[in-house]
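Below is a set of questions about how the descriptions of a ligand site are justified, each answered by setting a value against its criterion.

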Amino acid sequence: MVNCTFCRIIRKEIPAAILYEDEKVVAFKDIHPVAPIHFLIIPKEHVEDFYNLNETNNSGILSAAKWLIDHHRLMDKGYKLEINGGGAQIVGHVHFHLIAPVGAPVDV
Ligand code: AMP
Ligand code: ZN
């Protein structure tokens, strides 16, 4: 069992505002948002870095991102998807940041 923060969110051992979940993917609100919408999309399998993703273990991330884009009408608002990797990554479980609207101040 992997004890990283995001694996613990997947196992519901620590709380998170979960917005989307299926058998392969979870999406939840970033705890320190940089924009009004700041979600993290992660594979349920513990994959450390973007570099370790492949055709098998990335399954579901694109469709989850598109579901969130549709559900929050982000085609109208504008959005960006961001991935930090290597030494630029703080949490060692690959995650896609979905951020919108681009350039908007944080409303919290
Ligand atoms: P990075 O690894 O640099 O892409 O950044 C990790 C991101 O995870 C940051 O934006 C944090 O705010 C976010 N984060 C860390 N712990 C949690 C948590 N328990 N719940 C939600 N977001 C988190
Ligand atoms: Zn993990």
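**The ligand site**

In this predicted model, ligand 1 is surrounded by 16 residues, of which Asp30, Asn84, Ile90, His95 and His97 come nearest.

Q: What makes the approach of Asn84 to ligand 1 a polar contact?
A: A polar side-chain atom of Asn84 lies 2.9 Å from an oxygen atom of ligand 1, and the cut-off for a pair of N or O atoms is 3.5 Å, so the pair counts as a polar contact.

Q: Why are His95 and His97 also said to make polar contacts with ligand 1?
A: An N or O atom in the side chain of His95 is 2.6 Å from an oxygen atom of ligand 1, and for His97 the corresponding value is 2.8 Å; both values are within 3.5 Å, and therefore both pairs qualify. Taken alone, ligand 1 exposes 510 Å², and the protein buries 84% of that.

Q: Why is ligand 1 said to sit in the largest pocket?
A: The term requires that more than half of the atoms of a molecule lie within 2 Å of the grid points of the pocket, and ligand 1 is assigned to the largest pocket, so this condition is met. About 370 Å³ of space lies in that pocket, and among its 20 lining residues Phe6, Phe28, Asp30, Ile31 and Leu40 are the closest to its centre.

Q: Which helix gives the most to the shell around ligand 1?
A: That is α1, with three residues, and α1 likewise gives the most to the lining of the largest pocket, again with three residues.

Conventions: Residues are numbered from 1 along each chain as its sequence is written. Chains are lettered from A and ligands numbered from 1 in the order in which they are written. This is a predicted model: local features need pLDDT of at least 70, side-chain atom pairs count only at pLDDT 80 or more; totals for chains, interfaces and linings use all residues. Side-chain values use heavy atoms; hydrogens and water are left out. On a 1 Å grid over the protein atoms alone, a cavity is a set of points where a 1.4 Å probe fits but cannot get out, and a pocket is an open set with protein on both sides within 12 Å along at least five of seven lines; lining residues have an atom within 4 Å of a point. Grid points are joined across faces, edges and corners, and a volume is the space filled by probe spheres set on the points. Helices (H or I, at least four residues) and strands (E, at least two) are DSSP runs, numbered from the N terminus. A residue is near a molecule or strand if one of its heavy atoms lies within 4 Å of it. A polar contact is a pair of N or O atoms within 3.5 Å; within protein, one must be able to donate a hydrogen and the other to accept it, and residues adjacent in sequence count only if both atoms are side-chain atoms. Accessible areas come from the Shrake-Rupley method with a 1.4 Å probe; for residues, only the protein chains shown count as cover.
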